[in-house]
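Here is a short briefing for you to read alongside the model. Please have your viewer open as you go through the points.

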Amino acid sequence: MAEALAKIPNVEIDPEGTFKYILVRVNVKDGDVNKNIIRGTKSAEYHNHIFEKVSPAMESLGLMCQCLGGGKIEHNSTDRKLRVFGESTAFGKADHSVSVEMLKSVYSNYEISWSDDKK
């Protein structure tokens, strides 16, 4: 199961625009091995729409997941900037500082910031 966990991309977000995102902890069933992942897309009207896609996908790999919170990401690929902010009504606010560190591992040539602002 740990191999399945290792193959899951840490970050999957839309390449441009402002959209909702969630921070998810993925666990190996009946084990203590886990990792956090970020998923974000403009196609989701609500944060739970993202989770409703992620959860069954993880379950099909024999993994469980728990949403740790959400917010929004503003992705400007032209200027290479990411801004993390806001919160999810359904899941609460993700720890944006954790999300930013994860985004930095994938978008190392970007300027990445976060705030507790709602907008």
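The notes below cover aromatic and charged groups, a buried residue and a strand pairing.

This is a predicted model, in which local features need pLDDT of at least 70, side-chain atom pairs count only at pLDDT 80 or more, and totals for chains, interfaces and linings use all residues. Residues are numbered from 1 along each chain as its sequence is written, and side-chain values use heavy atoms, with hydrogens and water left out.

**Rings and charge**
- Searching the whole structure turns up two aromatic pairs (ring centres of Phe, Tyr or Trp, the latter by its six-membered ring, within 6.5 Å; planes under 30 degrees apart are stacked, over 60 edge-to-face, the rest tilted).
- One of them joins Y107 and Y110 edge-to-face, with 4.9 Å centre to centre and 65° between the planes.
- Y107 counts as buried because its relative accessibility is 16% (buried is under 20%, exposed over 50%, partly exposed in between; 1.4 Å probe, protein chains only).
- The charged end of R83 sits over the ring of F85, 4.0 Å from its centre (the cut-offs are NZ of Lys or CZ of Arg within 6 Å of the centre and within 35 degrees of the ring normal).

**Around I22**
- I22 belongs to strand β2, residues 17-28 (strands are DSSP E runs of at least two residues), and is buried at 0% relative accessibility.
- C67 is 45 residues away from I22 along the chain, yet their C-alpha atoms are 6.8 Å apart.
- Leaving aside neighbours within four places in sequence, the contacts of I22 (heavy atoms within 4.5 Å) include I37, F51, C67 and F91.

**Strand pairing**
- Strands β5 (residues 81-85) and β6 (residues 111-114) pair in the parallel sense over four bridges (pairing needs at least two DSSP bridges).
- L82 has I112 in β6 as its bridge partner.
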